[in-house]
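Q: I would like a close look at one charged residue and its surroundings. Please go through it step by step, and then place it among the other side-chain contacts.

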Amino acid sequence: MTRYLLLLGLFLGLPSLGCYSGSPSTIPGRSPTIPVQGVITLDNEPVANATVMFFCKKLRITSYGKTNENGEFSLTTYDPEDGAPEGRYVVTVKKSEQTITKPSEHPTLPPQSETVQLLPAEYGDLESTSLRATVITGGNNSFPFNLTR
């Protein structure tokens with residue numbers, strides 16, 4: 001009888017050994033994430049609808065966010081607003097506006113358009129940006145960036 005109970009216990013318990021615990025930060029292959037937020041301003045004025053990218057060269061990972069009307073953002077890496085893995089990041093900020101300069105003359109052709117960058121170009125390029133952030137477990141992972149013209 002004991003032998004049958006042991007087999008039943010193994011039969012019922014084995015499937016749970018390979019199950020995932022439910023936390024996104026513990027999924028195999030993913031780096032654990034830490035909540036990260038911040039504020040983007042341009043000459044001390046909030047920048048709405050800007051795209052913020054945190055790039056970690058060591059981890060080869062990019063986390064991103066979009067600013068709200070107050071210039072505030074939260075980063076996403078795997079799941080919405082899950083933050084970013086611990087590490088040192090190069091930060092870019094972009095905001096652009098696209099306008100149609102010439103409507104399409106045929107329904108299958110796109111209109112001609114022009115894209116205008118609304119922030120200084122240096123902040124939107126990985127090579128030229130001076131913005132940096134270090135995400136630390138248990139640290140203050142709130143990053144205010146004041147861009148200047």
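Is Asp 79 buried, exposed or partly exposed, going by its relative accessibility?

A: Asp 79 counts as partly exposed, because its relative accessibility is 28% and the partly exposed class runs between 20% and 50%. This is read from a predicted model. The protein chain has an average pLDDT of 87, and 83% of the residues score at least 70. Residues 6-25 are another matter: their pLDDT is below 50, and in the model this stretch has 8 contacts beyond near neighbours in sequence.

The partner of Asp 79 is Arg 30, with which it forms a salt bridge; the closest N and O atoms are 3.3 Å apart. Asp 79 sits in the loop between E6 and strand E7 (84-85), while Arg 30 sits in the loop between helix H1 (2-17) and strand E1 (33-34), so the salt bridge ties together parts that are 49 residues apart in sequence. Arg 30 also counts as partly exposed, because its relative accessibility is 26%.

A search of the whole structure gives 3 salt bridges. One of them joins Arg 149 and Asp 43, where the closest N and O atoms are 3.5 Å apart. This pair links distant parts of the chain, 106 residues apart: Arg 149 is in the segment after strand E12 (142-147), and Asp 43 is in the loop between strand E2 (37-42) and strand E3 (45-46). Arg 149 is exposed, at 72% relative accessibility, and Asp 43 is partly exposed, at 35%. Another salt bridge is formed by Lys 102 and Glu 105, with 3.3 Å between the closest N and O atoms. Lys 102 counts as partly exposed at 37% relative accessibility, whereas Glu 105 is exposed, with a relative accessible area of 69%.

Next comes a buried polar residue. Thr 67 lies in the loop between strand E5 (61-66) and strand E6 (72-74). Its relative accessible area is 3%, so Thr 67 is buried. The side chain of Thr 67 reaches two backbone nitrogens: that of Asn 49 at 2.9 Å and that of Ala 50, which lies 2.8 Å from a polar atom of this side chain. Leaving aside residues up to four places away in sequence, Thr 67 touches Ile 40, Val 47, Ala 48, Asn 49, Ala 50, Val 52, Glu 72 and Phe 73.

Phe 73, one of the residues touched by Thr 67, leads on to the aromatic side chains. Phe 73 forms one aromatic cluster with Phe 54, Tyr 89, Phe 143 and Phe 145. The structure holds 5 aromatic pairs. In the pair of Phe 54 and Tyr 89, the ring centres are 5.7 Å apart and the planes are at 55 degrees, so the pair is tilted. Phe 54 belongs to strand E4 (residues 51-56) and Tyr 89 to strand E8 (residues 87-94); the pair thus links distant parts of the chain, 35 residues apart. Both Phe 54 and Tyr 89 are buried, whereas Asp 79, the starting point, is partly exposed.

Notes: Residues are numbered from 1 along each chain as its sequence is written. This is a predicted model: local features need pLDDT of at least 70, side-chain atom pairs count only at pLDDT 80 or more; totals for chains, interfaces and linings use all residues. Side-chain values use heavy atoms; hydrogens and water are left out. Rings of Phe, Tyr and Trp (its six-membered ring) pair if their centres lie within 6.5 Å; planes under 30 degrees apart count as stacked, over 60 as edge-to-face and the rest as tilted. Helices (H or I, at least four residues) and strands (E, at least two) are DSSP runs, numbered from the N terminus. Buried means under 20% relative accessible area, exposed over 50%, partly exposed in between (1.4 Å probe, protein chains only). pLDDT is the predictor's confidence in each residue, from 0 to 100. Contact means heavy atoms within 4.5 Å. A polar contact is a pair of N or O atoms within 3.5 Å; within protein, one must be able to donate a hydrogen and the other to accept it, and residues adjacent in sequence count only if both atoms are side-chain atoms. A salt bridge is a side-chain nitrogen of Lys or Arg within 4 Å of a carboxyl oxygen of Asp or Glu.
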